[in-house]
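Here are my notes on the model, as numbered points. Please read them with the coordinates open.

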Amino acid sequence: MKLITVRDIAIILLILIPSIILLAINFKDDGTYAEISCDGNVVKTVPLSEDAEFSVNDIKFSVKENSVCVISSPCPDKICVKTGAIKRNGETIICLPQKVSVRVVSEDKETADIVVG
Ligand SMILES: [Zn+2]
């Protein structure tokens, strides 16, 4: 009796191959811009390739290593700060009290992944 059968290998491959493909897609899917919206209108677009700090509606943002995060905000819950850095195409940081949202966009395509914070 063999410990690993052909069927086991087939199952392992069936699980592994999609994971590898997903991983490869995700690596490609890093966004190129951060789009900051205030009250539903895009007020600022910043490239993620250049480190920078800026503020919109009293919220301080930091762009570092191709990602964007909220470093400080006057909102009471600080969910936007706790969300941390986002960098993948379609990821979003939302600050409801300040009506500000940040969305990572890429030049070519859009995905529906959303991180609500
Ligand atoms: Zn907030």
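1. A definition comes before the metal site: donors are N, O and S atoms within 2.8 Å of the metal (3.2 Å for Na, K and Ca), and since water is not among the atoms, sites may look incomplete. Along the chain, the donors of the zinc ion follow the spacing C-x4-C-x14-C. They are the SG atoms of Cys-75, Cys-80 and Cys-95, at 2.2 Å.

2. On the basis of these notes: this is a predicted model, in which local features need pLDDT of at least 70, side-chain atom pairs count only at pLDDT 80 or more, and totals for chains, interfaces and linings use all residues. Residues are numbered from 1 along each chain as its sequence is written, and side-chain values use heavy atoms, with hydrogens and water left out.

3. Secondary structure is taken from DSSP runs, numbered from the N terminus: helices are H or I of at least four residues, strands E of at least two. By that count the protein has two helices and seven strands. Their pattern along the sequence is α-β-β-β-β-β-α-β-β.

4. Back to the zinc ion, which is coordinated by Cys-75, Cys-80 and Cys-95. Cys-75 lies in the loop between β5 (67–72) and α2 (79–83), while Cys-95 is in strand β6 (residues 92–95), so the pair ties together parts that are 20 residues apart in sequence. Cys-75 and Cys-95 are buried, where buried means under 20% relative accessible area, exposed over 50% and partly exposed in between (1.4 Å probe, protein chains only).

5. Which loop holds Lys-78? Lys-78 is also found between β5 and α2. Lys-78 has a positive phi of about 60 degrees although it is not a glycine, and with a relative accessible area of 33% it is partly exposed.

6. Strand pairing requires at least two DSSP bridges between two strands. One open sheet has four strands in the order β2-β1-β7-β6, paired antiparallel. β2 (41–47) and β6 stand at its edges with a single partner strand each, so one side of each is left without a neighbour in the sheet. Neighbouring strands of this sheet are turned by 15 degrees against each other on average, direction ignored; the axes are lines fitted to C-alpha atoms, for helices over the stretch in contact, and angles run from 0 to 180 degrees between N-to-C directions.

7. Within that sheet, six bridges join strand β1 (residues 33–38) to β2, with Tyr-33 partnered by Pro-47. The two strands form a hairpin with two residues between them, and Asp-39 in the turn has a positive phi of about 55 degrees. At the other edge, β6 is joined to strand β7 (residues 100–105) by four bridges, and Ile-93 has Val-102 as its bridge partner.

8. Thr-45 lies in strand β2 and counts as partly exposed at 45% relative accessibility. Contact means heavy atoms within 4.5 Å. Leaving aside neighbours within four places in sequence, Thr-45 is in contact with Tyr-33, Ala-34 and Glu-35. The C-alpha atoms of Thr-45 and Val-104 are separated by 9.6 Å, and these residues are 59 apart along the chain.

9. The second open sheet has three strands in the order β3-β4-β5, again with antiparallel pairing. β3 and β5 are at the edges, each with a single partner strand, so one side of each is left without a neighbour in the sheet. The average turn between neighbouring strands of this sheet is 30 degrees, direction ignored. β3 and β4 pair over five bridges, with Ser-55 opposite Lys-60.

10. Asn-57 sits in the loop between β3 and β4. Asn-57 is not a glycine but has a positive phi of about 55 degrees, and its relative accessible area of 38% makes it partly exposed.

11. A nonpolar core is a set of buried Ala, Val, Leu, Ile, Met, Phe, Trp, Tyr and Cys residues joined through side-chain atoms within 4.5 Å. Of the 20 residues in the largest such core, Ala-34, Ile-36, Phe-54, Phe-61, Val-68 and Val-102 touch the most other members. The elements giving two or more residues to this core are β1, β3 (52–56), β4 (59–64), β5, β6 and β7. Not counting residues up to four places away in sequence, the residues touched by Val-102 include Ala-34, Ile-36, Phe-61, Val-68 and Ile-86.

12. For the whole protein, 31% of the 117 residues count as buried. Among contacts between residues at least 6 apart in sequence, 33% join residues at least 24 apart.
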